[in-house]
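Student: Could you take me on a close look at a single part of this model? I'd like one connected account that I can follow residue by residue.

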Amino acid sequence: MITLTINGKTQRFDGDPEMPLLWLLRDELNLKGTKFGCGMGLCGACTIHINGEPTRSCVTKASDGAGKVITTIEGISSNGTHPVQQAWEAIDVPQCGYCQAGQIMTACALLAKTPNPTDVQIDSAMNGNLCRCGTYQRIRAAVHKAAELSTSATKR
């Protein structure tokens, strides 16, 4: 039996501890926001946070999440009001949208550590998240916008 904390809720799983965490999230817990991309941790579509660190859930075993704090795209905001989500909408980032959950999770982790990142810092942090539609310029703009929104929210 594995006990995990996912989006603030305690979850127990008595299945295969070697199962990729992505399948536990999607198939067992019905958290469909995290996407399957390459299955090798190379594209970033499956990015979640484990203890605040962006992590590829397709190559992470379910047992690796035991006793840790796991956050999925569903857990960053219940109503879409997280500054990164607001910025993504304001800049109109997505095209097909498939990679966007992973992009947003990586952006959230970046901004948690670096509240006002430079273009170089954004490009470096987002480098492992691939977008087949090529929305990289809008993603960078949205990260800057999210930083502005976060700063203005803390000044209130």
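Tutor: Happy to! A polar contact here is a pair of N or O atoms within 3.5 Å; within protein, one must be able to donate a hydrogen and the other to accept it, and residues adjacent in sequence count only if both atoms are side-chain atoms. This is a predicted model, where local features need pLDDT of at least 70, side-chain atom pairs count only at pLDDT 80 or more, and totals for chains, interfaces and linings use all residues. Residues are numbered from 1 along each chain as its sequence is written, and side-chain values use heavy atoms, with hydrogens and water left out.

Let's settle on Asn129, in the loop between α4 (119-126) and α5; helices are DSSP runs of H or I, at least four residues, numbered from the N terminus. With a relative accessible area of 2%, Asn129 is buried, because buried means under 20% relative accessible area (1.4 Å probe, protein chains only). Its side chain makes a polar contact with the side chain of Thr106, at 2.9 Å. Not counting residues up to four places away in sequence, Asn129 touches Cys43, Gly44, Thr47, Arg56, Gly102, Gln103, Thr106 and Tyr136, where contact means heavy atoms within 4.5 Å.

Now for the helix pair α3 (residues 100-113) and α5 (residues 136-155): they pack at an angle of about 45°, their axes 11 Å apart. Axes are lines fitted to C-alpha atoms over the stretch in contact, and angles run from 0 to 180 degrees between N-to-C directions. On the α3 side, the contact is made by Gln100, Gln103, Ala107, Leu110 and Leu111, and on the α5 side by Ile139, Val143, Ala146 and Ala147.

How values were computed. Helix = DSSP H or I, 4+ residues; strand = E, 2+ residues; numbered from the N terminus. Buried < 20%, exposed > 50% of the residue type's maximum accessible area, 1.4 Å probe, protein only.
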